[in-house]
Amino acid sequence: MIDRAAPDSLTPLEIASGVVVGTDPTTPPLPPFAGQSPRNALEQAILPALLRGPCIVAFSGGRDSSGMLALGTHVARREGLPLPVPLTITCPDSLAARETAWQELVVRHLRLTDWQRIDVTDELDVIGPHAQAALRAHGPLYPLNAYTYLPMFAYAAGGTLVTGLDGDGLLATWGAQPVADVLARRRRPVPRDALRLGLWTAPGSVRRAVVRHRLRTADTWLTPAADRESRRGEAAEIAGEPTRWDRRVAWWQARRYLSLTKHFDTVLAGAAGVAMSHPLLDGAFLASIAQLGARFGPGDRTAVMRMLMADLLPADLLSRSSKAAFDDLLFNRYTREFAQTWGGTGVDLGLVDPERLRAAWRRPRFPIDSALLLQATWLASH
(Lines give C-alpha, C1' and ligand atoms only; values in the text may rest on other atoms or scores of the structure.)
Protein backbone atom coordinates (compact mmCIF):
# COMPACT_ATOMS: atom_id res chain seq x y z
CA MET A 1 0.00 0.00 0.00
CA ILE A 2 1.32 3.45 -0.95
CA ASP A 3 1.96 5.98 1.82
CA ARG A 4 -0.84 8.39 2.64
CA ALA A 5 -0.13 11.80 1.10
CA ALA A 6 0.87 14.50 3.58
CA PRO A 7 -0.30 18.05 2.77
CA ASP A 8 3.22 19.47 2.71
CA SER A 9 5.50 16.69 1.47
CA LEU A 10 5.87 14.26 -1.41
CA THR A 11 5.22 10.54 -1.03
CA PRO A 12 7.80 8.01 -2.28
CA LEU A 13 5.51 7.03 -5.16
CA GLU A 14 5.03 10.67 -6.20
CA ILE A 15 8.80 11.13 -6.29
CA ALA A 16 9.32 7.89 -8.21
CA SER A 17 6.58 8.49 -10.78
CA GLY A 18 6.60 12.29 -11.04
CA VAL A 19 2.81 12.18 -10.77
CA VAL A 20 1.01 14.03 -7.98
CA VAL A 21 -2.73 13.46 -7.64
CA GLY A 22 -5.48 13.83 -5.10
CA THR A 23 -7.06 16.53 -3.00
CA ASP A 24 -5.56 18.47 -0.11
CA PRO A 25 -8.17 18.24 2.66
CA THR A 26 -6.77 21.38 4.30
CA THR A 27 -7.63 23.57 1.29
CA PRO A 28 -10.43 25.98 2.23
CA PRO A 29 -13.51 25.93 -0.02
CA LEU A 30 -14.13 28.73 -2.46
CA PRO A 31 -15.61 31.81 -0.76
CA PRO A 32 -19.20 32.76 -1.58
CA PHE A 33 -19.57 34.76 -4.78
CA ALA A 34 -19.43 38.44 -3.78
CA GLY A 35 -20.83 39.96 -6.95
CA GLN A 36 -17.46 40.98 -8.43
CA SER A 37 -16.53 40.50 -12.04
CA PRO A 38 -13.49 38.27 -12.62
CA ARG A 39 -11.53 41.32 -13.76
CA ASN A 40 -12.33 43.31 -10.63
CA ALA A 41 -11.50 40.33 -8.44
CA LEU A 42 -8.11 39.96 -10.13
CA GLU A 43 -7.37 43.65 -9.64
CA GLN A 44 -8.10 43.29 -5.94
CA ALA A 45 -5.94 40.17 -5.79
CA ILE A 46 -2.87 41.91 -7.20
CA LEU A 47 -3.22 45.15 -5.21
CA PRO A 48 -1.52 43.86 -2.02
CA ALA A 49 1.58 42.96 -4.06
CA LEU A 50 1.78 46.52 -5.35
CA LEU A 51 1.39 47.91 -1.84
CA ARG A 52 4.13 45.64 -0.49
CA GLY A 53 6.85 46.75 -2.86
CA PRO A 54 9.06 46.24 -4.60
CA CYS A 55 6.56 44.39 -6.77
CA ILE A 56 8.43 42.10 -9.16
CA VAL A 57 6.58 40.08 -11.81
CA ALA A 58 8.12 36.79 -12.94
CA PHE A 59 7.71 37.57 -16.64
CA SER A 60 8.28 35.00 -19.38
CA GLY A 61 6.24 36.56 -22.18
CA GLY A 62 3.54 33.88 -21.96
CA ARG A 63 -0.09 34.81 -21.59
CA ASP A 64 -0.33 34.32 -17.83
CA SER A 65 2.76 36.27 -16.81
CA SER A 66 1.99 38.96 -19.39
CA GLY A 67 -1.51 39.23 -17.98
CA MET A 68 -0.24 39.68 -14.44
CA LEU A 69 2.26 42.33 -15.58
CA ALA A 70 -0.39 44.20 -17.56
CA LEU A 71 -2.92 44.03 -14.74
CA GLY A 72 -0.39 45.17 -12.14
CA THR A 73 0.70 48.06 -14.37
CA HIS A 74 -2.90 49.15 -14.91
CA VAL A 75 -3.78 49.06 -11.21
CA ALA A 76 -0.54 50.82 -10.19
CA ARG A 77 -1.14 53.70 -12.60
CA ARG A 78 -4.73 54.04 -11.50
CA GLU A 79 -3.83 54.04 -7.80
CA GLY A 80 -0.68 56.15 -8.10
CA LEU A 81 1.59 53.33 -6.92
CA PRO A 82 5.09 52.36 -8.11
CA LEU A 83 4.92 50.30 -11.28
CA PRO A 84 5.63 46.56 -11.12
CA VAL A 85 8.96 45.52 -12.57
CA PRO A 86 9.09 42.64 -15.07
CA LEU A 87 11.89 40.18 -14.31
CA THR A 88 12.83 37.67 -16.98
CA ILE A 89 15.18 34.70 -16.90
CA THR A 90 16.79 34.44 -20.32
CA CYS A 91 18.82 31.61 -21.80
CA PRO A 92 20.65 32.96 -24.86
CA ASP A 93 22.00 29.51 -25.72
CA SER A 94 18.52 27.95 -26.05
CA LEU A 95 16.43 28.76 -29.12
CA ALA A 96 13.48 26.73 -27.80
CA ALA A 97 13.26 28.83 -24.64
CA ARG A 98 13.60 32.16 -26.41
CA GLU A 99 10.55 34.42 -26.08
CA THR A 100 12.24 37.75 -26.83
CA ALA A 101 9.80 38.94 -29.49
CA TRP A 102 6.75 38.34 -27.28
CA GLN A 103 8.45 39.89 -24.27
CA GLU A 104 9.43 43.02 -26.16
CA LEU A 105 5.93 43.32 -27.59
CA VAL A 106 4.38 43.31 -24.11
CA VAL A 107 6.92 45.64 -22.47
CA ARG A 108 6.62 48.12 -25.34
CA HIS A 109 2.81 47.96 -25.29
CA LEU A 110 2.74 48.66 -21.55
CA ARG A 111 5.28 51.51 -21.89
CA LEU A 112 7.54 50.09 -19.20
CA THR A 113 11.13 51.30 -18.98
CA ASP A 114 12.44 49.16 -16.12
CA TRP A 115 12.79 45.56 -17.32
CA GLN A 116 15.25 43.36 -15.46
CA ARG A 117 16.80 40.25 -17.02
CA ILE A 118 18.88 37.40 -15.63
CA ASP A 119 20.99 35.57 -18.20
CA VAL A 120 21.68 31.91 -17.44
CA THR A 121 23.41 29.01 -19.13
CA ASP A 122 23.28 25.78 -17.11
CA GLU A 123 22.70 27.21 -13.61
CA LEU A 124 19.02 26.21 -13.60
CA ASP A 125 19.62 22.54 -14.33
CA VAL A 126 17.36 20.37 -12.14
CA ILE A 127 20.44 19.37 -10.14
CA GLY A 128 22.44 22.53 -10.86
CA PRO A 129 23.68 25.03 -8.24
CA HIS A 130 20.30 26.59 -7.42
CA ALA A 131 18.53 23.24 -7.27
CA GLN A 132 21.29 21.81 -5.08
CA ALA A 133 20.99 24.67 -2.60
CA ALA A 134 17.21 24.24 -2.37
CA LEU A 135 17.38 20.46 -2.08
CA ARG A 136 20.01 20.56 0.66
CA ALA A 137 18.04 23.15 2.64
CA HIS A 138 14.53 21.76 2.22
CA GLY A 139 14.68 18.23 0.82
CA PRO A 140 12.59 17.12 -2.20
CA LEU A 141 10.57 19.99 -3.65
CA TYR A 142 7.51 20.33 -5.86
CA PRO A 143 7.29 21.19 -8.66
CA LEU A 144 10.61 20.01 -10.00
CA ASN A 145 11.56 23.58 -11.02
CA ALA A 146 10.50 25.34 -7.80
CA TYR A 147 14.11 26.40 -7.26
CA THR A 148 14.10 28.57 -10.42
CA TYR A 149 12.66 31.42 -8.35
CA LEU A 150 15.83 31.58 -6.24
CA PRO A 151 17.77 33.97 -8.51
CA MET A 152 14.68 36.19 -8.68
CA PHE A 153 14.36 36.65 -4.94
CA ALA A 154 17.30 39.06 -4.76
CA TYR A 155 15.32 41.54 -6.89
CA ALA A 156 12.18 41.17 -4.75
CA ALA A 157 13.86 41.23 -1.31
CA GLY A 158 11.51 42.77 1.23
CA GLY A 159 8.74 42.89 -1.35
CA THR A 160 6.60 40.57 -3.47
CA LEU A 161 7.16 38.27 -6.42
CA VAL A 162 4.03 37.92 -8.58
CA THR A 163 3.48 34.87 -10.79
CA GLY A 164 0.90 33.68 -13.30
CA LEU A 165 0.63 30.24 -11.67
CA ASP A 166 -1.40 28.02 -12.96
CA GLY A 167 -3.37 29.59 -15.80
CA ASP A 168 -3.00 26.48 -17.94
CA GLY A 169 -4.41 24.27 -15.20
CA LEU A 170 -7.43 26.51 -14.72
CA LEU A 171 -8.20 27.46 -18.31
CA ALA A 172 -6.63 24.93 -20.66
CA THR A 173 -6.99 21.45 -19.16
CA TRP A 174 -10.71 21.00 -18.48
CA GLY A 175 -11.51 17.63 -20.01
CA ALA A 176 -15.15 18.54 -20.66
CA GLN A 177 -14.27 21.74 -22.57
CA PRO A 178 -14.90 20.31 -26.09
CA VAL A 179 -18.33 18.97 -25.10
CA ALA A 180 -19.20 22.15 -23.19
CA ASP A 181 -18.30 24.27 -26.22
CA VAL A 182 -20.71 22.27 -28.38
CA LEU A 183 -23.54 22.33 -25.84
CA ALA A 184 -23.07 26.08 -25.34
CA ARG A 185 -23.08 26.51 -29.15
CA ARG A 186 -19.61 28.03 -29.19
CA ARG A 187 -18.59 25.65 -31.98
CA ARG A 188 -20.18 23.17 -34.38
CA PRO A 189 -20.04 19.48 -33.40
CA VAL A 190 -17.77 16.97 -35.14
CA PRO A 191 -18.14 13.16 -35.12
CA ARG A 192 -15.60 12.72 -32.33
CA ASP A 193 -17.83 14.75 -29.99
CA ALA A 194 -20.25 11.84 -29.72
CA LEU A 195 -17.47 9.72 -28.21
CA ARG A 196 -16.47 12.54 -25.88
CA LEU A 197 -20.03 12.99 -24.69
CA GLY A 198 -20.40 9.26 -24.17
CA LEU A 199 -17.26 9.10 -22.07
CA TRP A 200 -18.08 12.07 -19.85
CA THR A 201 -21.64 10.86 -19.19
CA ALA A 202 -20.54 7.28 -18.48
CA PRO A 203 -20.39 5.89 -14.92
CA GLY A 204 -17.24 6.69 -13.00
CA SER A 205 -16.00 3.11 -13.14
CA VAL A 206 -16.17 3.14 -16.96
CA ARG A 207 -14.38 6.49 -17.20
CA ARG A 208 -11.63 5.27 -14.89
CA ALA A 209 -11.15 2.08 -16.90
CA VAL A 210 -10.92 3.97 -20.20
CA VAL A 211 -8.49 6.53 -18.83
CA ARG A 212 -6.35 3.85 -17.16
CA HIS A 213 -6.09 2.03 -20.49
CA ARG A 214 -4.98 5.23 -22.24
CA LEU A 215 -2.31 5.78 -19.61
CA ARG A 216 -0.69 2.39 -20.18
CA THR A 217 2.97 2.51 -21.11
CA ALA A 218 5.61 -0.18 -21.36
CA ASP A 219 8.32 2.46 -21.19
CA THR A 220 8.46 2.99 -17.43
CA TRP A 221 11.12 2.77 -14.74
CA LEU A 222 8.52 1.86 -12.10
CA THR A 223 8.05 -1.67 -10.84
CA PRO A 224 4.83 -3.33 -12.07
CA ALA A 225 3.05 -2.83 -8.73
CA ALA A 226 4.11 0.81 -8.47
CA ASP A 227 3.12 1.46 -12.09
CA ARG A 228 -0.35 0.01 -11.51
CA GLU A 229 -0.82 2.09 -8.36
CA SER A 230 0.36 5.26 -10.06
CA ARG A 231 -1.88 4.76 -13.08
CA ARG A 232 -4.82 3.92 -10.82
CA GLY A 233 -4.43 7.20 -8.97
CA GLU A 234 -3.92 9.25 -12.13
CA ALA A 235 -6.94 7.65 -13.82
CA ALA A 236 -9.13 8.35 -10.79
CA GLU A 237 -8.01 11.99 -10.87
CA ILE A 238 -8.73 12.47 -14.58
CA ALA A 239 -12.01 10.54 -14.53
CA GLY A 240 -13.18 12.32 -11.38
CA GLU A 241 -12.91 15.80 -12.85
CA PRO A 242 -16.39 17.42 -12.75
CA THR A 243 -18.11 18.02 -16.07
CA ARG A 244 -19.85 21.13 -14.75
CA TRP A 245 -17.60 24.22 -14.87
CA ASP A 246 -18.39 25.79 -11.49
CA ARG A 247 -17.89 22.48 -9.70
CA ARG A 248 -14.73 21.88 -11.69
CA VAL A 249 -13.21 25.20 -10.50
CA ALA A 250 -13.86 24.26 -6.87
CA TRP A 251 -12.40 20.78 -7.50
CA TRP A 252 -9.35 22.12 -9.31
CA GLN A 253 -8.37 24.69 -6.68
CA ALA A 254 -8.17 21.93 -4.06
CA ARG A 255 -5.77 19.78 -6.15
CA ARG A 256 -2.86 18.45 -4.17
CA TYR A 257 -0.32 19.52 -6.78
CA LEU A 258 -1.41 23.14 -6.34
CA SER A 259 -1.23 22.88 -2.58
CA LEU A 260 2.31 21.51 -2.74
CA THR A 261 3.35 24.17 -5.25
CA LYS A 262 2.08 27.00 -3.06
CA HIS A 263 3.65 25.45 0.03
CA PHE A 264 7.14 25.13 -1.43
CA ASP A 265 6.93 28.56 -3.08
CA THR A 266 6.15 30.04 0.32
CA VAL A 267 8.96 28.12 2.03
CA LEU A 268 11.60 29.17 -0.51
CA ALA A 269 10.40 32.78 -0.68
CA GLY A 270 10.09 33.10 3.08
CA ALA A 271 13.72 32.07 3.54
CA ALA A 272 14.66 34.98 1.25
CA GLY A 273 12.37 37.53 2.89
CA VAL A 274 10.00 37.65 -0.08
CA ALA A 275 6.20 37.28 -0.28
CA MET A 276 4.69 35.27 -3.13
CA SER A 277 1.55 36.35 -4.95
CA HIS A 278 -0.43 34.04 -7.26
CA PRO A 279 -3.45 36.17 -8.33
CA LEU A 280 -4.95 33.47 -10.58
CA LEU A 281 -5.35 31.28 -7.48
CA ASP A 282 -7.16 33.98 -5.50
CA GLY A 283 -10.38 32.65 -3.98
CA ALA A 284 -12.55 35.64 -4.90
CA PHE A 285 -11.38 35.49 -8.52
CA LEU A 286 -12.05 31.75 -8.74
CA ALA A 287 -15.49 32.17 -7.17
CA SER A 288 -16.26 34.89 -9.70
CA ILE A 289 -15.14 32.95 -12.76
CA ALA A 290 -16.94 29.86 -11.49
CA GLN A 291 -20.16 31.88 -11.17
CA LEU A 292 -19.66 33.42 -14.61
CA GLY A 293 -19.11 30.09 -16.34
CA ALA A 294 -21.86 28.23 -14.47
CA ARG A 295 -22.63 24.96 -16.32
CA PHE A 296 -20.66 25.22 -19.57
CA GLY A 297 -17.80 27.52 -18.63
CA PRO A 298 -16.79 30.95 -19.96
CA GLY A 299 -15.15 29.63 -23.14
CA ASP A 300 -11.66 28.52 -24.05
CA ARG A 301 -8.39 30.00 -22.89
CA THR A 302 -8.31 32.70 -25.56
CA ALA A 303 -11.90 33.75 -24.88
CA VAL A 304 -11.17 34.14 -21.16
CA MET A 305 -7.95 36.07 -21.78
CA ARG A 306 -9.81 38.46 -24.08
CA MET A 307 -12.54 38.90 -21.49
CA LEU A 308 -10.00 39.73 -18.78
CA MET A 309 -7.29 41.62 -20.65
CA ALA A 310 -8.56 42.88 -24.04
CA ASP A 311 -7.94 46.51 -23.05
CA LEU A 312 -4.50 45.80 -21.58
CA LEU A 313 -2.57 43.56 -24.00
CA PRO A 314 -2.09 43.17 -27.78
CA ALA A 315 -4.61 40.93 -29.49
CA ASP A 316 -1.87 38.71 -30.92
CA LEU A 317 -0.56 37.98 -27.43
CA LEU A 318 -4.01 37.16 -26.07
CA SER A 319 -4.62 34.56 -28.77
CA ARG A 320 -1.12 33.06 -29.07
CA SER A 321 -0.97 29.28 -28.95
CA SER A 322 2.81 28.80 -29.02
CA LYS A 323 4.80 28.07 -25.87
CA ALA A 324 8.48 28.08 -25.07
CA ALA A 325 10.23 24.80 -24.23
CA PHE A 326 12.67 24.70 -21.33
CA ASP A 327 14.25 21.24 -21.61
CA ASP A 328 17.60 22.80 -22.54
CA LEU A 329 17.44 24.94 -19.43
CA LEU A 330 16.39 22.23 -16.97
CA PHE A 331 18.24 19.17 -18.26
CA ASN A 332 21.72 20.37 -18.97
CA ARG A 333 25.32 19.52 -18.06
CA TYR A 334 24.69 18.54 -14.43
CA THR A 335 21.88 16.15 -15.34
CA ARG A 336 23.87 14.48 -18.12
CA GLU A 337 26.95 14.00 -15.97
CA PHE A 338 25.02 12.51 -13.05
CA ALA A 339 22.96 10.23 -15.33
CA GLN A 340 26.10 8.85 -16.97
CA THR A 341 27.84 8.06 -13.67
CA TRP A 342 24.88 7.01 -11.49
CA GLY A 343 25.53 3.62 -9.91
CA GLY A 344 21.92 2.55 -9.36
CA THR A 345 21.73 3.46 -5.66
CA GLY A 346 19.41 5.76 -3.71
CA VAL A 347 16.09 4.44 -5.04
CA ASP A 348 13.32 2.43 -3.42
CA LEU A 349 13.55 -1.00 -5.09
CA GLY A 350 9.91 -1.64 -4.29
CA LEU A 351 9.01 1.28 -6.58
CA VAL A 352 11.84 1.66 -9.09
CA ASP A 353 13.69 -0.69 -11.44
CA PRO A 354 17.25 0.75 -11.45
CA GLU A 355 18.23 -0.71 -14.83
CA ARG A 356 15.20 0.68 -16.60
CA LEU A 357 15.74 4.02 -14.89
CA ARG A 358 19.38 4.09 -15.99
CA ALA A 359 18.29 3.40 -19.57
CA ALA A 360 15.67 6.17 -19.41
CA TRP A 361 18.22 8.68 -18.13
CA ARG A 362 20.57 7.93 -21.00
CA ARG A 363 18.07 8.68 -23.75
CA PRO A 364 18.71 11.75 -25.93
CA ARG A 365 15.63 13.43 -24.44
CA PHE A 366 15.46 13.29 -20.65
CA PRO A 367 12.08 11.96 -19.35
CA ILE A 368 10.61 14.87 -17.40
CA ASP A 369 8.47 12.63 -15.17
CA SER A 370 11.68 11.23 -13.69
CA ALA A 371 13.06 14.63 -12.67
CA LEU A 372 11.80 14.46 -9.06
CA LEU A 373 13.43 11.04 -8.79
CA LEU A 374 16.66 12.42 -10.25
CA GLN A 375 16.70 15.18 -7.62
CA ALA A 376 15.95 12.76 -4.78
CA THR A 377 18.61 10.36 -6.02
CA TRP A 378 21.19 13.14 -6.28
CA LEU A 379 20.28 14.27 -2.75
CA ALA A 380 20.64 10.73 -1.40
CA SER A 381 24.09 10.42 -2.98
CA HIS A 382 25.31 13.72 -1.48
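# Exercises on a predicted model

With centres within 6.5 Å as the criterion for pairing rings, the count comes to seven aromatic pairs. The structure is a predicted model, and the exercises below work through its rings, sheet, helices and cores.

## Exercise 1. Two aromatic pairs

Task: Classify the ring pairs F331–F366 and F338–W361 as stacked, tilted or edge-to-face, and state which parts of the chain they tie together.

Solution.

Step 1. A pair of aromatic rings is described by the distance of the centres and the angle of the planes.

Step 2. For F331 and F366 the centres are 4.7 Å apart and the planes make an angle of 25°. Planes under 30 degrees apart count as stacked, and F331–F366 is a stacked pair.

Step 3. F331 is in the loop between α17 (327–330) and α18 (333–341), while F366 is in the loop between α19 (354–361) and α20 (371–381), so this pair ties together parts that lie 35 residues apart in sequence. F331 and F366 are both buried.

Step 4. For F338 and W361 the centre distance is 6.4 Å and the plane angle is 55°, so this pair is tilted.

Step 5. F338 belongs to helix α18 and W361 to helix α19, so the parts tied together here are 23 residues apart in sequence. Both F338 and W361 are buried.

Step 6. Ring pairs join F331, F338, W342, W361 and F366 into a cluster.

## Exercise 2. Charges over rings

Task: For the rings of W115 and Y334, identify the charged residue that lies over each.

Solution.

Step 1. Over the face of W115 lies R117, at 3.8 Å from the ring centre.

Step 2. Over the ring of Y334 sits the charged end of R333, 4.3 Å from the ring's centre.

## Exercise 3. The open sheet

Task: Give the strand order of the five-stranded sheet, then find its edges and the bridge partners of I56.

Solution.

Step 1. The sheet is open, its strands pair in parallel, and their order is β3-β2-β1-β4-β5.

Step 2. The edges are β3 (116–119) and β5 (275–277); each has a single partner strand, so one side of each has no neighbour in the sheet.

Step 3. On average, and with direction ignored, neighbouring strands are turned by 25° against each other.

Step 4. Strand β2 (residues 85–90) pairs with β3 in the parallel sense through four bridges. Within β2, T90 stands opposite D119 of β3.

Step 5. Strand β1 runs parallel to β2, with three bridges between them, and parallel to β4, again with three bridges. The bridge partner of I56 in β2 is V85, and in β4 I56 stands opposite L161.

Step 6. From β1, C55 and V57 point one way, I56 and A58 point the other way, and all are buried.

Step 7. Helix α3 (residues 63–79) lies across β1 (55–58), β2 and β4 (160–162), and runs at about 160° to β1.

## Exercise 4. Two buried helix residues

Task: Place M152 and D227 in their helices, decide whether each is buried or exposed, and list their contacts beyond four places in sequence.

Solution.

Step 1. M152 is in helix α6 (residues 150–153). Its relative accessible area is 7%, so M152 is buried.

Step 2. With neighbours within four places in sequence left aside, M152 contacts A58, L87, I89, I118 and L161.

Step 3. M152 and R117 are 35 residues apart in sequence, and their C-alpha atoms are 9.5 Å apart in space.

Step 4. D227 is in helix α11 (residues 224–239). Its relative accessibility is 11%, so D227 counts as buried.

Step 5. With residues up to four places away in sequence not counted, D227 touches T217, T220 and L222.

## Exercise 5. The nonpolar cores

Task: Name the members of the largest nonpolar core that touch the most other members, then the element that gives the most to this core.

Solution.

Step 1. The largest nonpolar core has 56 residues, and F153, L161, L357, W361 and L373 touch the most other members.

Step 2. Helix α20 gives the most to this core, namely six residues.

Step 3. Apart from neighbours within four places in sequence, W361 is in contact with F338, A339, W342, F366, P367, S370, L373, L374 and T377.

Step 4. A second core, separate from this one, has 46 residues, including V75, A76, L281 and M309.

Key: Residues numbered from 1 in each chain as written. Predicted model: local features only at pLDDT ≥ 70, side-chain atom pairs only at ≥ 80, totals over all residues. Heavy atoms only, no water. Phe/Tyr/Trp six-rings, centres within 6.5 Å; stacked < 30°, edge-to-face > 60°. Helix = DSSP H or I, 4+ residues; strand = E, 2+ residues; numbered from the N terminus. Buried < 20%, exposed > 50% of the residue type's maximum accessible area, 1.4 Å probe, protein only. Lys NZ or Arg CZ within 6 Å of the ring centre and 35° of its normal. Pairing = 2+ DSSP bridges. Axes fitted to C-alpha atoms, helices over the stretch in contact; angles between N-to-C directions. Contact = heavy atoms within 4.5 Å. Core = buried A, V, L, I, M, F, W, Y, C linked by side-chain atoms within 4.5 Å.
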